[in-house]
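These are my notebook entries on a structure that was new to me. I record what I looked up, entry by entry.

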Amino acid sequence: MKQILLALSCLFALALPAWCQDATDNNSSEQNTETVTVSKQAFDALTARVAELEKHLKALLDNGAAVVSQQDEAKTSETEAKTEPDNQSGAASGGKALALPDISFILQTKGFTSSDKRDPDRNTTRLTEGELGIQGWVYPNVKADAFISMSPKEDSPAQLEEGYVSYFGLAKGLNFYVGKKYVPFGRTNQLHSHSWPWVNRPLAFRNLVSEENLTGEGMQLSYLLPTHNNLFAQLDLGTWAGGEGGESSSLPDMVVGQGAAFNGVFNTARLWTGYSVTPDNELEFGYSYAEGNSEDSSVPTDGRTRLTGLDLNYRHYGDHDTKFTLRGEQFWRQEMHTPNQATASGYYVEGSYWLNKYNSIGSVYSWSQFPQSTDLHESALSLTYTHQFSEQYYLRLQGNHGWRPGADEYNELWLMWVCGIGPHTHNLE
């Protein structure tokens, strides 16, 4: 290397006077036309010297490239020898790193007090859920996800909350999912509880769809429709088994909606679109449908229930990490097996504002009928405050003022802590 640098320095030193002279001649060509001459002997000596240096430089460069090539080949052989056993036992796409799944764990704790003395959970602070997420690629474009939940509050053992395999890019814009999954119904059903913008589901969703998430075991096709400009459109179709049974009165002397109460095969469809009105404003619209066998204590088990829903979402991004979101959803639950096909409905409207990337405030108003008796209804107004310490740790305070059968008015206060470790990468709000 020193010889190469020396040769380059010599060439530069020999060529520099000529370059300087050329530059001087060019800059002053209009003022000075004097020609400088040297003897032929001096010119021939200079030319020979330059040719000798160029030949020497080429030899040095060729020798250096050969040495580097030999070193690279040695390193490559050594690396392949070390990694060959790992590649044989690694992931399908090759590589030890890909054989290691992403593992995350998320804890939720809630403190709760209420003026309604019929509620047995009032004045308690409990670890409500622990969620273990195991995710990883098992083949190019094939990913496995499993989420195991434990609920000390409900005294239930660990259970598989979601477990499915995703096949991406079967065709242009087409993805396929199979396993146990939160089904595509409504704007937020596929979000895990720690990704909600509130502590509890709005009343309309809890009474007519599910207390937490509508879940099924089956398959789903998702197709990204070809669109133009700033329009996004996706169609989700699924067929599922299972679902959730329902109880119309799970709390003492309190009426509670049983949700979808699917207990057999049910089908879902969802079409949702998004449009970027401006770079700072987005508008989304969705339609959801689900129908299947349901279970209700007051009707035969072979009855059928139909769920439909509309959702509208507006989002505005401001300066300095500020953001405003306005969302509304309307749900209808229709008993197809009853003579008059009784329908219970409900809705909620929610607005939230991020003051900065750490603090947000929000408000939700929800109104809902009860599937088991459309003459009864309840409503609530909620205010929330969230402090986001980091992407994996936040604290939320929520106050509810509501009206329900058996209690003209009631007040609730919730305090929620959520913290997580690991790269939890499922759907986020």
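**Entry 1: Threonine 384**

I began with threonine 384, which I found in strand E14, the run of residues 373-390. The model I am reading is predicted. I next asked whether threonine 384 is buried or exposed. Its relative accessibility is 10%, so threonine 384 counts as buried, the limit for that class being under 20%. I then listed what threonine 384 touches, not counting residues up to four places away in sequence: Pro197, Ser360, Ile361, Gly362, Leu397 and Gln398.

**Entry 2: Glutamate 378**

I stayed in strand E14, where glutamate 378 also lies. Glutamate 378 has a relative accessibility of 5% and therefore counts as buried. Which side chain does the side chain of glutamate 378 meet in a polar contact? I found asparagine 207 as the partner, at 2.9 Å. Asn207 also appears in the contact list of glutamate 378, drawn up without its neighbours within four places in sequence. The other entries in that list are Leu203, Ser366, Trp367, Ser368, Phe370, Trp403, Arg404 and Pro405. I also looked up the spacing to alanine 407, which is 29 residues from glutamate 378 along the chain. The C-alpha atoms of glutamate 378 and alanine 407 are separated by 9.9 Å.

Arginine 404, one of the contacts of glutamate 378, drew my attention for another reason. I noted that the charged end of arginine 404 sits over the ring of tyrosine 410, at 3.8 Å from the ring centre.

**Entry 3: The chain as a whole**

I then turned to totals. The chain has 429 residues, and 36% of them count as buried. Its secondary structure consists of three helices and 16 strands. I took the contacts between residues at least 6 apart in sequence and noted that 54% of them join residues at least 24 apart. The accessible surface comes to about 24000 Å², and carbon and sulfur atoms account for 57% of that area.

**Entry 4: Nonpolar cores**

Nonpolar side chains in soluble globular proteins tend to be buried together. I therefore looked for such groups here, and the largest nonpolar core has 20 residues. Within this core, the residues with the most contacts are Val183, Phe185, Val209, Leu214, Phe262, Leu307 and Phe331. Which elements each supply at least two residues of this core? I found helix H3 (203-208), strand E8 (262-278) and strand E12 (343-354). The largest share, three residues, comes from H3. A second core, separate from this one, has seven residues, among them Ile106, Trp414, Met416 and Val418.

**Entry 5: Aromatic rings**

A search of the whole structure gave me 13 aromatic pairs. In one of them, phenylalanine 262 and phenylalanine 266 are stacked, with 4.6 Å from centre to centre and 10 degrees between the planes. Phenylalanine 262 is buried at a relative accessible area of 0%, and phenylalanine 266 also counts as buried, at 0% relative accessibility. Phenylalanine 389 and tyrosine 393 have ring centres 4.5 Å apart and planes at 15 degrees, so I recorded this pair as stacked. Phenylalanine 389 counts as partly exposed at 40% relative accessibility, and tyrosine 393 counts as partly exposed at 33%.

I also noted a cluster in which ring pairs link Trp137, Tyr164, Phe168 and Tyr177. Over the ring of tyrosine 164 sits the charged end of lysine 181, 5.2 Å from the ring centre.

**Entry 6: Aspartate 145**

Tyr164 led me to aspartate 145, with which it is in contact. Leaving aside neighbours within four places in sequence, aspartate 145 also contacts Ile134, Gln135, Glu162, Gly163 and Ser166. Aspartate 145 lies in strand E3, residues 142-151, and is buried, with a relative accessible area of 7%. Its side chain makes a polar contact of 2.7 Å with the side chain of lysine 143.

**Entry 7: Serine 276**

My last residue was serine 276, which is found in strand E8. At 23% relative accessibility, serine 276 counts as partly exposed. What does the side chain of serine 276 reach at 3.1 Å? I found the backbone oxygen of threonine 278. Neighbours within four places in sequence aside, serine 276 is in contact with Asn230 and Asn281. Serine 276 and leucine 231 are 45 residues apart in sequence, and their C-alpha atoms are 6.8 Å apart in space.

Conventions: Residues are numbered from 1 along each chain as its sequence is written. This is a predicted model: local features need pLDDT of at least 70, side-chain atom pairs count only at pLDDT 80 or more; totals for chains, interfaces and linings use all residues. Side-chain values use heavy atoms; hydrogens and water are left out. A nonpolar core is a set of buried Ala, Val, Leu, Ile, Met, Phe, Trp, Tyr and Cys residues joined through side-chain atoms within 4.5 Å. Buried means under 20% relative accessible area, exposed over 50%, partly exposed in between (1.4 Å probe, protein chains only). Helices (H or I, at least four residues) and strands (E, at least two) are DSSP runs, numbered from the N terminus. Contact means heavy atoms within 4.5 Å. Accessible areas come from the Shrake-Rupley method with a 1.4 Å probe; for residues, only the protein chains shown count as cover. A polar contact is a pair of N or O atoms within 3.5 Å; within protein, one must be able to donate a hydrogen and the other to accept it, and residues adjacent in sequence count only if both atoms are side-chain atoms. Rings of Phe, Tyr and Trp (its six-membered ring) pair if their centres lie within 6.5 Å; planes under 30 degrees apart count as stacked, over 60 as edge-to-face and the rest as tilted. A charge sits over a ring if NZ of Lys or CZ of Arg is within 6 Å of the ring centre and within 35 degrees of the ring normal.
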